[in-house]
Amino acid sequence: MSLQDRLTELRDQGLADIKSADVLNKVNQIKVDLLGKKGPITEVLRGMRDLTPEERPKVGAYANEIRDHLQNAIDHRRSELEEAAVNAQLAAEKLDVTLPGRTVPQGQPHVITQIITELEDLFIGMGYEIEDGDEVEEDYYNFERLNLPKDHPARDMQDTFYITKEVLLRTQTSADQPRALESHDFSKGPLKVLTPGRVYRRDTDDATHSHQFHQIEGLVVDKHITMADLKGTLTLVANTLFGDQFDVRLRPSYFPFTEPSVEADVTCFNCNGKGCAVCKQTGWIEVLGAGMVHPRVLEMSGIDPEVYGGFAFGLGPDRFAMLKYGVDDIRNFYLNDVRFLSQFYKKG
Ligand code: DAH
């Protein structure tokens with residue numbers, strides 16, 4: 001067999017082998033076997049020394065051509081197999097992005113927090129600052145600066161947890177009033193502040209009492225503030241939380257730090273004011289305490305009550321939540337039972 005024929009034979013056999021190689025390793029092996037130093041092509045080239053000088057370049061050129069041809073076929077087959085491997089992997093790892101996702105259970109703010117946030121939004125819209133008072137407070141701010149000196153009988157209703165004789169867990173967010181008053185610079189405009197937070201009392205827990213609950217305190221002090229401003233503000237609160245058909249009624253009351261003092265009622269949500277068991281046939285439900293800031297309270301903060309005056313109110317978001325959602329036991333809010341709390345989740 002001539003060298004050319006031998007080369008042709010090697011080429012045809014080599015191409016067939018390359019074509020049928022189905023994994024990369026086999027292709028690599030064929031390359032070593034066929035084109036390597038000990039392979040048949042190298043051997044053919046070695047046999048060229050027996051050829052005539054005219055034949056040698058022809059056979060040499062043909063051998064090179066065949067080596068290139070095989071090398072190209074190997075490269076081509078390699079990339080085919082590599083691509084196939086990538087495609088197989090992609091197919092195996094294919095994601096169906098149209099499948100519905102698995103929902104991750106997600107918590108939401110507590111119903112009391114929802115009410116506080118709703119009211120904060122309302123008051124921010126009216127230009128109030130929102131401030132956090134301290135839960136650990138001085139007797140001085142919690143009582144004395146609110147016109148409740150040490151022997152004042154109204155202290156009895158607000159017995160609390162004492163840390164020392166002079167430091168206690170605050171009984172009312174009203175303690176934030178003197179702090180806000182003494183730090184406000186009236187040359188910069190009126191004082192309008194809302195201070196929501198936790199308060200504490202030495203109460204025996206029952207359906208309507210908890211030793212810890214929430215209050216939202218509002219305080220406005222400026223020149224020419226009247227009770228009409230107070231009533232308008234409270235009506236807005238009732239309308240925002242309950243609805244536009246709700247009205248507010250003020251009844252005379254007593255708090256040491258307001259004069260005059262009032263209790264505010266809203267139209268009974270259950271009977272729309274007609275009278276029912278929930279409102280004890282009155283058509284009204286008591287929701288908060290309020291009044292015009294007592295001149296003594298202003299004086300103690302270095303503010304001239306002849307020039308400045310204002311109103312204050314304190315409402316209980318726990319009680320609002322009970323009224324709004326018909327919850328009959330305040331302790332439900334604090335048991336942290338998700339079955340109860342998730343009823344107040346907003347959709348979405
Ligand atoms: N601090 C009072 C309480 O806990 C509620 C209250 C009444 C707050 C009248 C006020 C107010 O700001 O003016 O019972």
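A salt bridge here is a side-chain nitrogen of Lys or Arg within 4 Å of a carboxyl oxygen of Asp or Glu. By this criterion, a search of the whole structure, which is a predicted model, finds 21 salt bridges. The legends below describe close-up views.

**View 1. A salt bridge within helix α1 joins E9 and R6.** The two side chains meet at 2.9 Å, N to O. Both residues lie in helix α1 (residues 3–20), where they are three residues apart, about one turn of the helix. E9 is partly exposed, with a relative accessible area of 38%. R6 also counts as partly exposed, at 31% relative accessibility.

**View 2. D265 and R251 form a salt bridge between strands β7 and β6.** The N to O distance is 2.7 Å. The pair links distant parts of the chain, with D265 in strand β7 and R251 in strand β6, 14 residues apart. D265 counts as buried because its relative accessibility is 2%, under the 20% cut-off. R251 has a relative accessible area of 27% and is partly exposed.

**View 3. Salt bridges that share partners join five residues into one network.** The members are D139, E144, K150, R155 and E166. Within this group, the side chains of E144 and K150 meet at 2.8 Å, N to O. E144 is partly exposed, with a relative accessible area of 27%. K150 is partly exposed as well, at 46%.

**View 4. Four acidic residues gather in a patch of negative charge on the surface.** The patch consists of E129, E131, D132 and D134. E131 is located in the loop between β1 (129–130) and β2 (136–138). Its relative accessibility is 37%, so E131 counts as partly exposed.

**View 5. Seven strands form an open sheet with mixed pairing.** The order of the strands is β1-β4-β5-β9-β8-β7-β6. At the edges are β1 and β6 (248–255), each of which pairs on one side only. Strands of a sheet pair through backbone hydrogen bonds, either parallel or antiparallel.

**View 6. Strand β4 pairs with β1 and with β5.** β1 and β4 pair in the parallel sense over two bridges, and I130 has L194 in β4 as its bridge partner. β4 and β5 run antiparallel and are joined by ten bridges. One bridge partner in β5 is I216, which faces P196 in this pairing. Strand β4 (residues 191–200) is largely enclosed by the rest of the structure, because eight of its ten residues are buried.

**View 7. Strands β5 and β9 are paired in the antiparallel sense.** Seven bridges connect β5 (residues 212–222) with β9 (residues 309–315). Among the bridge partners are V221 and, in β9, G310.

**View 8. The peptide bond from E259 to P260 is cis.** Its omega is near -5°. P260 lies in strand β7 (residues 258–267).

**View 9. K280 has a positive phi although it is not a glycine.** The phi of K280 is about 50°. K280 is placed in the loop between β7 and β8 (284–293). K280 is exposed because its relative accessible area is 70%, over the 50% cut-off.

**View 10. N336 has a positive phi although it is not a glycine.** The phi of N336 is about 55°. N336 is found in the loop between α10 (317–325) and α11 (338–341). With a relative accessible area of 54%, N336 is exposed.

Notes. Residues numbered from 1 in each chain as written. Predicted model: local features only at pLDDT ≥ 70, side-chain atom pairs only at ≥ 80, totals over all residues. Heavy atoms only, no water. Patch = residues over 30% accessible without salt bridge, like charges linked within 9 Å, V, L, I, M, F, W, Y side chains within 5 Å. Areas by Shrake-Rupley, 256 points an atom, 1.4 Å probe, with all protein chains shown as cover. Charge placed at Lys NZ, Arg CZ, Asp CG, Glu CD. Helix = DSSP H or I, 4+ residues; strand = E, 2+ residues; numbered from the N terminus. Buried < 20%, exposed > 50% of the residue type's maximum accessible area, 1.4 Å probe, protein only. Pairing = 2+ DSSP bridges.
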